[in-house]
Amino acid sequence: SQRASTKANADALRKIRHGVAQVRTALESKRFDLIGDILHQSWMVKKTLASNVSNSSIDEMYDRAISAGALG
């Protein structure tokens, strides 16, 4: 379903691609503290691409990890 809606999701896909560039920049500048937030933002965008990207079990595990201190 993600592939079928690629055109409709063009803005979201650009945001995810920009996240890749941001991670590269963070790694090159040794700003490892930024990577978790970039991954989190990308995951939030990815979940908007299609209803089956995530499910309640994955969301629950992700929320528990974030609550335990994970950054993304």
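Lys and Arg count as positive here and Asp and Glu as negative, with His and the chain ends left uncounted; each charge is placed at NZ of Lys, CZ of Arg, CG of Asp or CD of Glu.

**View 1. Charges across the predicted model.** The protein has 11 positive and 7 negative side chains, and the centres of the two sets sit 9 Å apart. This is a predicted model, where local features need pLDDT of at least 70, side-chain atom pairs count only at pLDDT 80 or more, and totals for chains, interfaces and linings use all residues. Residues are numbered from 1 along each chain as its sequence is written, and side-chain values use heavy atoms, leaving out hydrogens and water.

**View 2. The overall fold.** Going from the N terminus, the elements run α-α-α, with three helices and zero strands (DSSP runs numbered from the N terminus: helices are H or I, at least four residues; strands are E, at least two). The C-alpha atoms fill a box of roughly 35 × 25 × 10 Å along the principal axes.

**View 3. Helix H2, residues 35-46.** At 1.5 Å a residue, its 12 residues should span 16 Å (1.5 Å times one less than the number of residues), and the end C-alpha atoms are indeed 16 Å apart. Buried residues (under 20% relative accessible area, 1.4 Å probe, protein chains only; exposed is over 50%, partly exposed in between) include Ile35 and Trp43. The buried residues of H2 pack against helix H1 (10-28) and helix H3 (56-67).

**View 4. Zooming in on Ser42.** Ser42 lies in helix H2 and is buried, with a relative accessible area of 18%. Leaving aside neighbours within four places in sequence, Ser42 is in contact (heavy atoms within 4.5 Å) with Ile16 and Gly19.
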